[in-house]
Amino acid sequence: MIGGVPISQLAQQYGTPLYVYDEQYLRDMLGTYQREFRSAEFETGVLYASKAFSCKAIIRLIEEYGFCLDVVSDGELVTAMQAGYDCKNIFFHGNNKTMNELNLAKQAGVGTIVVDNRMEAELIRTVYADAAEPVHTLLRVNPGIEAHTHQYIVTAHVDSKFGISFLNEEELIETIRILQSGNNVIFDGIHAHIGSQIFDGQAFAEEIRKLFAFAAHLKEDYDITIHTIDIGGGFAVRYTDADSPIPIGEVCRMILNTASEENRKLNGQIKRLLIEPGRSIVAEAGYTIYTVGGIKKTPNKTYLFVDGGMSDNIRPALYQAEYDAFLAGKENEPAETEYTVAGKCCESGDILIQKIRLPKAEPGDLLVMKTTGAYGYSMASHYNKLLLPAVVFAKAGTSRTVIRRETYEHMLSLEE
Ligand SMILES: *Cc1c(COP(=O)(O)O)cnc(C)c1O
């Protein structure tokens, strides 16, 4: 069961492949962040990084819990607007915001823009010169932290495309001065995001120390006073038994304690502390249900084919990500066969799980992949013109569609 609804019933009612979220699990994660990321010393804020899974239903849930929202494109911004989300609480990220996106942000009343580079700061100053309301800004800095994760998801090595490196001080100061000189532009502080699926708490502690030290440096040497530090997201989740992420409550307390220690050196200058979890809010709540089709033996492998693949989950092909899965209704049978779970896309790389021991599978079985709630639907593609699956929320024995399954008409609706 997921959310109290039998998996076979979900498959029958909505078809497969199907993304299902355990809504109570989502709520529990949000509740944990709400309870744990709190402090007497700082004004704290949790920003949901909507790129992990962006749709109206999740954004309404985010609003219900009083969280802010990260967007990185006009599409994510419009989704939030359509969900009725208060744009004042939106933080607009991205390393190359277009003029169109900045104008849309201005029109919508987006509260904060996280500025990536000097040219962008100039653009923002121009766009907001005649704005009805001022916009807050944070500057994305690159503190140069080596977090041990896949190279595609580290974001703070010296040559990262994101933010301005601490090694490039002149550019940093110039960019801040541009923001400070803008009409209707308010410069609040700095932001960093050091990567994703990070298990090492020390990487975050080191990041925090570097950001606070930089705040002190700005004050002492440039007379620039900041009051906000945003340390980004990247908190790890459990995909397989090999993963043992630090519980979120512990991560929150470690962040707050480290920040508090550092703030003492600054005589309490930093007033507001922000974090930006994406994956850790939605990943473990999500499952993908597939129907097993063919089973094929090659000299060294037994393939188990499913009715989706890299089109609904690109992460194994893109990052060598690993997943766990089970056959619904066969949990008590011995896991005696080693399978390679493959999708139906025309790529040899379309392998969802390289090696997994499962009970003997038959066509028509339901294979359920766990922890697919983050960067699954949001990275889905139309490759091979597979239709985008539906997304369902299940809770307390009932389920509801939050994104309908795509139809042929919809898929072809843009074609002349
Ligand atoms: C992707 C991203 C996040 C969220 O990362 P997770 O690993 O999903 O927690 C937060 N902040 C920024 C700027 C990001 O790009």
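Seven aromatic pairs turn up when the whole structure, a predicted model, is searched. A pair of aromatic rings is described by the distance of the centres and the angle of the planes. For tyrosine 239 and tyrosine 323, the ring centres are 5.2 Å apart and the planes stand at 80°, so this pair is edge-to-face; the angle falls in that class because it is over 60 degrees. Tyrosine 239 belongs to the loop that runs between strand S9 (228–230) and helix H9 (248–265). Tyrosine 323 sits in the loop between helix H11 (315–319) and strand S13 (325–327), so the two rings tie together parts that are 84 residues apart in sequence. Tyrosine 239 and tyrosine 323 are both buried. Elsewhere, a cluster arises from ring pairs that link Tyr21, Phe53 and Phe393.

Charged side chains offer a second set of contacts, with 14 salt bridges in the structure. A convenient place to begin is glutamate 23, which forms a salt bridge with arginine 27; the closest N and O atoms of this pair are 3.0 Å apart. Both residues are part of helix H2 (residues 23–36), and because they are four residues apart, about one helical turn separates them. Glutamate 23 has a relative accessibility of 5% and therefore counts as buried, the cut-off being under 20%. Arginine 27 is likewise buried, with a relative accessible area of 17%.

Glutamate 23 also meets the side chain of arginine 400 in a salt bridge, at 3.1 Å from N to O. Here the partners come from separate elements: glutamate 23 lies in helix H2 and arginine 400 in strand S18 (residues 398–403), so the contact ties together parts that are 377 residues apart in sequence. Arginine 400 is partly exposed, at 39% relative accessibility.

Arginine 27, for its part, forms a salt bridge with glutamate 64, and the closest N and O atoms are 2.7 Å apart. Since arginine 27 lies in helix H2 and glutamate 64 in helix H3 (residues 56–64), this pair ties together parts that are 37 residues apart in sequence. Glutamate 64 has a relative accessible area of 52% and is therefore exposed, the class for values over 50%. Through shared partners, these salt bridges join Glu23, Arg27, Glu64 and Arg400 into one network. Members of this network thus include the buried glutamate 23, the partly exposed arginine 400 and the exposed glutamate 64.

Note on methods: Residues are numbered from 1 along each chain as its sequence is written. This is a predicted model: local features need pLDDT of at least 70, side-chain atom pairs count only at pLDDT 80 or more; totals for chains, interfaces and linings use all residues. Side-chain values use heavy atoms; hydrogens and water are left out. Rings of Phe, Tyr and Trp (its six-membered ring) pair if their centres lie within 6.5 Å; planes under 30 degrees apart count as stacked, over 60 as edge-to-face and the rest as tilted. Helices (H or I, at least four residues) and strands (E, at least two) are DSSP runs, numbered from the N terminus. Buried means under 20% relative accessible area, exposed over 50%, partly exposed in between (1.4 Å probe, protein chains only). A salt bridge is a side-chain nitrogen of Lys or Arg within 4 Å of a carboxyl oxygen of Asp or Glu.
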